[in-house]
Amino acid sequence: MAGLVRRLFLALAPIPAPALVAAFVAALAPVPARAAQVVDAHGRAVAVTDTSRIVSIGAAVTEILFALGLGDRVVAVDQTSRYPAAARARPDVGYSRTLSPEGVLSVGPSLILAVEGAGPRSTLDVLERASVPVVIIPEAHSEAGVLRKIAAVAAAVGEEEKGRALAAEVAEDFAALRRMVATLPDRPRAVFVLSASGGAAMVGGAETSADAIFALAGVENALPSLKGYKLALDEAAMSAEPDAVVVMLGGGQVLTADTVFALPAFMGTPAARDRRLVALPGSYLLGFGPRAPRAARDLAAALRPGAQLPELAARPWSAERDQ
């Protein structure tokens, strides 16, 4: 080793001292794990040669990177990446669906990991032409979908072993959640409200992340006839009769009980009579990252005030509280 260091200094001798020191430090620095080539959610083979400067797009993607112990490689995130606190301290490159290439490239990324649905496509095309690898991570609102996300992120950064360990913990949490929900005697009816405007609520119907987290929590979606996020205007929506309304904390619009229960769709419902409004952090509730079983457990408990639900096993990557 001493001979190697001596030869390095002799080779760099003509270089000014500050540059010499920087070169020497860089030469001895650990090389980030490399993933070589991965197939992403769009079926594209993407060559990844440098994972030292990652831009993370999508709350779940960011949570997974930090849970894998790779937060130090994350140089920027999108607006939905609110957990852990260290992610909020990173530069914000904008909303995941309205990214600009200039904003992403300004942080000098060596790799971009973006959840499926990020874009627009024109921005991703520009980033790819700039020779920055863009790996699309699959999005699905289920236990299997969460485990696939973990595997995809771990593969993209060359940390498959860490990914398998994280996936095993998350699978244990899902199994504990299933056992817990199976013991509950009731299935409360609830509606998820995304926003409200002009006297109408934007609600989560079938095939949404809200519907999926309801199912995990043993909760019946009171609007199963709606598909996607829709305004609650038709007869089915107006007669849903939910026991509770669920909203997001930390979103752009603050929805209070006064606001929600003044809407025609919910006036006179059991939820309005009991003032049953449940609010949970948005990316936690709907992000479907590693903490999805915990979000479902918390939702199940909040909608059943008398139930004594046990906490899931403590994990180092879930210890912080959302803000």
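**Exercise 1. Place S283 in the model: which helix holds S283, and is S283 buried or exposed?**

Step 1: look up the element. S283 sits in helix α13, residues 282-286. Helices (H or I, at least four residues) and strands (E, at least two) are DSSP runs, numbered from the N terminus.

Step 2: check the surface. S283 has a relative accessible area of 17%, so S283 counts as buried. Buried is under 20%, exposed is over 50%, and partly exposed lies in between (1.4 Å probe, protein chains only).

Step 3: list the neighbours. Leaving out residues up to four places away in sequence, S283 touches A59, T80, R82 and D322. Contact here is heavy atoms within 4.5 Å.

A word on the source: this is a predicted model, where local features need pLDDT of at least 70 and side-chain atom pairs count only at pLDDT 80 or more, while totals for chains, interfaces and linings use all residues. Residues are numbered from 1 along each chain as its sequence is written, and side-chain values use heavy atoms, with hydrogens and water left out.

**Exercise 2. Work out the order of the open sheet of 4 strands.**

Step 1: the order is β4-β3-β5-β6, with parallel pairing. Strands pair if DSSP finds at least two bridges between them.

Step 2: β4 (74-77) and β6 (134-137) are the edge strands, each pairing on one side only. From one strand to the next, the twist averages 20°.

Step 3: zoom in on β3 (residues 54-57) and β5 (residues 111-115), which run parallel and are joined by 4 bridges. V55 has I112 as its bridge partner in β5.

Key: Axes fitted to C-alpha atoms, helices over the stretch in contact; angles between N-to-C directions.
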